[in-house]
Amino acid sequence: MTTLILNGCAVITMNATRAEYASGHIVVDGNRIAEVGAGPAPGGVPGARYIDGGGCLATPGLVNTHQHLYQWATRGLAQDFGLFGWLKALYPVWARMDADIVRAVSTAALAWLARTGCTTTTDHHYLFPRGGGDLLGATVESAREVGLRFHPTRGSMDLGRSAGGLPPDDAVEDTDEILAATAAAIDRFHDPSPDSMLRVAVAPCSPFSVTGNLLGQAAELARRAQVRLHTHVAETSDEDEYCVSHFGCSPVEYLDALGWLGSDVWVAHAVHLDDAAIARLAATGTGVAHCPSSNARLGAGICRARDLLGAGVAVGLGVDGASSNEAGSLLEQARHAVLFARAAGGAEAMSVRTALELATLGGASILGRDAEIGSLEPGKLADVALWRLDTLPHGDIDDPVAALVLGSPPPLELLLVQGRAVVERDRALTVDERAVAAAARAARKTLLARAGVTS
Ligand SMILES: [Zn+2]
């Protein structure tokens with residue numbers, strides 16, 4: 001078993017007492033954390049690799065709770081649209097993707113997530129063009145190659161425009177086909193073990209792109225298979241109006257009526273919520289993936305994160321797809337969570353430590369992994385980010401957490417996933433970044449040419 005010892009770094013544990021060490025150590029044995037504490041680690045451990053963490057801050061690896069990896073292929077398009085206009089512009093392009101394109105751009109998106117401190121990520125893939133090949137399998141291959149802990153969802157849409165939905169008819173699937181493919185994805189990929197690097201969830205896309213029938217049957221399927229449920233909800237005021245006009249209720253009431261609230265569900269965005277909806281999310285234990293950058297890019301609004309937390313709702317952070325968040329940086333979500341909460345609710349609306357908690361333990365919690373990841377504690381899986389804070393942009397910021405969350409994105413000295421080094425000194429170790437970027441560029445070019453988009 002390989003032993004890795006980080007020495008002399010500041011440590012934010014996110015353990016039950018939220019212990020912090022100005023200078024501490026972490027001992028990793030194999031894929032698990034063996035020790036975390038103040039001061040130096042024991043010296044002279046035979047065969048151990050000692051890493052000098054001087055000038056660095058160790059945090060739990062960040063957890064990305066909402067993402068659409070394929071959207072890396074269409075960054076920079078539909079720049080000035082709100083959600084519905086943006087979707088209508090991009091659905092026809094996405095409807096022409098295939099497994100090779102998805103594999104190339106997913107590897108790029110995942111490599112960049114790793115470079116920005118992410119050790120566990122979800123993916124919500126909901127568009128499966130007929131004849132496009134094994135798209136979900138392509139994302140799984142990419143995650144294995146990059147080395148991230150992966151929680152893909154088998155997403156879906158079955159409500160085309162001719163039936164009153166938003167997506168074009170050629171972008172949706174048949175309900176029974178979706179349910180069969182979702183069950184097959186769980187059988188093929190889902191690993192429920194505590195050390196799992198891959199867990200599947202079930203994720204019909206949104207109230208305006210799936211039928212109530214699919215939502216209901218998908219919930220039954222997920223509960224039979226004991227996997228989690230995920231969807232978009234209350235992202236924009238347009239969606240609110242759609243639900244009122246089509247279903248006579250708010251998006252959260254709609255989900256509630258279909259059995260879609262519960263401690264096995266996490267929803268993305270939850271921007272347009274009234275107090276009753278927040279209370280209902282809290283009472284049912286439903287988690288929220290807060291995606292501040294994407295919500296700002298699409299002009300959707302600012303999630304009531306302070307009120308959600310105040311009500312006891314578990315909240316994590318998500319970058320969302322790169323077509324509505326070109327930066328694709330997970331650390332940036334912590335910064336934006338603080339800034340937007342304060343812009344909306346005053347200087348005490350969110351602290352930097354709360355933002356870092358959402359990015360780590362909060363995310364782990366809404367994915368059902370908080371017993372295994374999200375904090376630096378003996379016995380937990382060794383997912384660790386080591387940030388360099390002694391250079392020009394951060395060296396004189398008094399508090400390392402303020403430096404990390406409020407300062408410029410710092411160099412990432414080391415990223416461990418399952419005890420394995422995936423990033424070192426701002427460079428991915430598992431993939432060739434230049435080759436990945438070139439392949440993603442080529443895939444994008446192919447997709448846009450196929451869709452007849454000139455850019
Ligand atoms: Zn999304």
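**The zinc site**

Let me start with aspartate 320, which is buried at a relative accessible area of 4%, where buried means under 20% with a 1.4 Å probe and protein chains only. This is a predicted model, in which local features need pLDDT of at least 70 and side-chain atom pairs count only at pLDDT 80 or more, while totals for chains, interfaces and linings use all residues. Residues are numbered from 1 along each chain as its sequence is written, and side-chain values use heavy atoms, with hydrogens and water left out.

Which protein residues are the donors of the zinc ion? They are His66, His68 and His232, each through NE2, together with Asp320 through OD, and they lie 2.1 to 2.6 Å from the zinc ion (donors being N, O and S atoms within 2.8 Å of the metal, or 3.2 Å for Na, K and Ca). Along the sequence, the spacing of these donor residues reads H-x1-H-x163-H-x87-D.

Histidine 68 sits in the loop that runs from β6 (62-64) to α1 (83-94), and aspartate 320 in the loop from β13 (315-317) to α11 (330-345), so this pair ties together parts that are 252 residues apart in sequence; helices here are DSSP runs of at least four residues, H or I, and strands E runs of at least two. Like aspartate 320, which I described as buried, histidine 68 is buried, in its case with a relative accessible area of 2%.

Turning to the geometry, the arrangement around the zinc ion is irregular because its four donor atoms subtend angles of 85 to 178 degrees, whereas four donors count as tetrahedral if all angles lie between 85 and 135 degrees, and as square planar if opposite donors are over 155 degrees apart and all others between 65 and 115.

Notes:
Four donors count as tetrahedral if all angles lie between 85 and 135 degrees; four count as square planar and six as octahedral if opposite donors are over 155 degrees apart and all others between 65 and 115; anything else is irregular. Buried means under 20% relative accessible area, exposed over 50%, partly exposed in between (1.4 Å probe, protein chains only).
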